[in-house]
Amino acid sequence: MVKSIQQHRPKFTTHADGSDAVLFIHELVGEEDGPTIGISASIHGNENTGSQAILELFRILQNQKLKGRILLLPVANPRAFAVNHRFTPLDELNLNREFPGDDRGTYTQQLAYALANGYLDQIDYHLDLHSGTDRPTVDYVYIWNDEGLSRAFGSKCHYRPVQGKAGTVYAGTTKSVTMDKHGTKVVTIELGGGIVDQTPYVERTVNGLLNQLRYLGVIEGDVQPNPKQIVVNELVGIRPKHGGWLEPLCPANGEAITGGQLLGRVVSPYNFETIEEIPTPFPNGIMIMQHLTRNLVEAGDYGFMVGNLESATD
Ligand SMILES: [Zn+2]
């Protein structure tokens with residue numbers, strides 16, 4: 001059994017309505033010593049699949065024998081989460097670009113500072129859950145500095161960002177505190193989202209996290225063998241140029257898509273004409289993100305992501 005479970009709610013500021021702004025951290029301590037694992041979700045407020053998975057994971061873990069310590073952060077940005085918004089409504093900042101934060105900065109910068117100095121600095125491993133938003137559905141796992149741990153989540157498609165690009169595109173993310181400052185082992189997980197039942201994605205997330213915890217020796221049991229996996233080094237996001245109905249025409253996430261095939265098209269809800277056809281960018285690609293239903297999009301919304309299979313490895 002878990003030796004102790006405690007809820008910590010460190011306060012970092014006061015809201016205008018008088019309520020305390022706090023971090024919601026659950027600390028599960030095992031009977032034996034071991035590493036500290038941080039599992040977090042909803043750093044982007046409209047990606048709540050991971051928060052659902054952490055709820056389910058907590059129900060399972062409270063009856064497990066633990067070695068080490070697990071710090072669950074089910075909702076990293078509560079104000080954004082409450083309104084299903086990517087950014088914090090108070091200052092419209094992207095929390096995952098504001099690290100290491102600023103104790104005297106805007107609300108999001110203060111939140112980032114509190115997380116950097118009361119959560120991210122406490123952990124040896126960081127499993128950070130993201131998903132597609134409430135529109136697109138995504139399915140891949142980053143390989144940063146612990147490939148085995150990334151693979152143990154059990155997803156098919158992995159992305160290893162190339163050096164250099166990783167420094168600019170990912171500046172200000174949690175890993176600027178964890179990996180870059182504290183040497184924390186980091187896995188960013190992207191799974192789920194869309195206007196579809198999240199149950200299968202929540203289940204896959206819980207199973208993946210449990211397998212990663214077995215891989216780290218934090219819980220007992222045999223590590224499940226990985227499925228056939230692919231690592232891409234090049235990933236392209238494709239946004240619709242125009243607003244309208246985005247109709248998906250592509251294969252499922254994890255499936256191949258070849259040059260000449262269409263990812264989807266934008267159709268006018270008003271005059272029914274096709275405004276735009278969106279081709280796949282690579283001769284040989286793999287689907288990583290897409291809309292699973294006909295969604296109304298604005299010009300420049302998230303559309304699709306495709307990995308390049310030409311430079312991919314096993
Ligand atoms: Zn995200």
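Let's start with His-130, which is buried at 5% relative accessibility. This is a predicted model, so everything below describes a computed picture. His-44 is buried too, with a relative accessible area of 4%. What do these residues coordinate? Together with Glu-47, His-44 and His-130 hold a zinc ion. Each histidine reaches the metal through its ND1 atom, while Glu-47 appears twice in the donor list with OE atoms, and the distances run from 2.1 to 2.6 Å.

Now look at how those donors are arranged. The angles among the four donor atoms go from 54 to 150 degrees, and the site counts as irregular. A tetrahedral site would need all angles between 85 and 135 degrees, so this spread rules that label out. Along the sequence, the donor residues follow the spacing H-x2-E-x82-H. His-44 sits in the loop between β5 (32–41) and α1 (49–61), whereas His-130 belongs to strand β7 (residues 125–130), so the two histidines tie together parts of the chain that are 86 residues apart in sequence.

While you're in that loop between β5 and α1, find Ser-42. Which sign does the phi of Ser-42 have, positive or negative? Its phi is positive, about 55 degrees, although Ser-42 is not a glycine. That's worth a second look because most residues other than glycine have a negative phi. Ser-42 is also buried, with a relative accessible area of 0%.

Glu-92 makes a nice contrast. Its phi is positive as well, near 55 degrees, and Glu-92 isn't a glycine either. But Glu-92 is partly exposed, with a relative accessible area of 43%. You'll find Glu-92 in the loop between α2 and α3. That loop also contains Pro-100, and here the helices on either side are α2 (78–82) and α3 (107–118). The peptide bond leading from Phe-99 into Pro-100 is cis, with omega near 10 degrees. Most peptide bonds are trans.

Next, the aromatic rings. How many aromatic pairs does the structure hold? There are seven. A pair of rings is described by the distance between the centres and the angle between the planes. Take Tyr-140 and Tyr-142 as one of them: their centres are 5.2 Å apart and their planes meet at 45 degrees, which makes the pair tilted. Both of these tyrosines are buried. Then compare the rings of Trp-144 and Tyr-170, with centres 5.1 Å apart and planes at 85 degrees, so this pair is edge-to-face. The pair links distant parts of the chain, 26 residues apart: Trp-144 is in the loop between β8 (137–142) and α4 (147–152), and Tyr-170 is in the loop between α5 (165–169) and α6 (178–182). Both Trp-144 and Tyr-170 are buried.

Step back and you can see these rings as a group. Tyr-140, Tyr-142, Trp-144, Tyr-159 and Tyr-170 are linked by ring pairs into a cluster. Trp-144 has another partner as well: Lys-175 lies over the face of its ring, 4.9 Å from the centre. Elsewhere, the charged end of Arg-239 sits over the ring of Tyr-302, at 4.9 Å from its centre.

Go back to the loop between α5 and α6, and you'll come across Val-177. Is Val-177 buried or exposed? With a relative accessible area of 3%, Val-177 is buried. Its C-alpha atom is 6.4 Å from that of Ala-116, although the two residues are 61 apart along the chain.

What about the nonpolar core? The largest one has 31 residues, and Ile-37, Ile-39 and Ile-70 touch the most other members. At least two core residues each come from β5, α1, β6 (67–73), β7, β10 (185–192) and α7 (199–215). The largest share, six residues, is supplied by α7.

Finally, head to the start of the chain for a hairpin. Strand β2 (residues 11–14) and strand β3 (residues 20–22) run antiparallel and are joined by three bridges. Which residue in β3 is the bridge partner of Thr-14? It's Asp-20. Five residues lie between the strands of this hairpin, and Gly-18 takes a positive phi near 95 degrees there.

Methods
Residues are numbered from 1 along each chain as its sequence is written. This is a predicted model: local features need pLDDT of at least 70, side-chain atom pairs count only at pLDDT 80 or more; totals for chains, interfaces and linings use all residues. Side-chain values use heavy atoms; hydrogens and water are left out. Donors are N, O and S atoms within 2.8 Å of the metal (3.2 Å for Na, K and Ca); water is not among the atoms, so sites may look incomplete. Four donors count as tetrahedral if all angles lie between 85 and 135 degrees; four count as square planar and six as octahedral if opposite donors are over 155 degrees apart and all others between 65 and 115; anything else is irregular. Helices (H or I, at least four residues) and strands (E, at least two) are DSSP runs, numbered from the N terminus. Buried means under 20% relative accessible area, exposed over 50%, partly exposed in between (1.4 Å probe, protein chains only). Rings of Phe, Tyr and Trp (its six-membered ring) pair if their centres lie within 6.5 Å; planes under 30 degrees apart count as stacked, over 60 as edge-to-face and the rest as tilted. A charge sits over a ring if NZ of Lys or CZ of Arg is within 6 Å of the ring centre and within 35 degrees of the ring normal. Two strands pair if DSSP finds at least two bridges between them. A nonpolar core is a set of buried Ala, Val, Leu, Ile, Met, Phe, Trp, Tyr and Cys residues joined through side-chain atoms within 4.5 Å.
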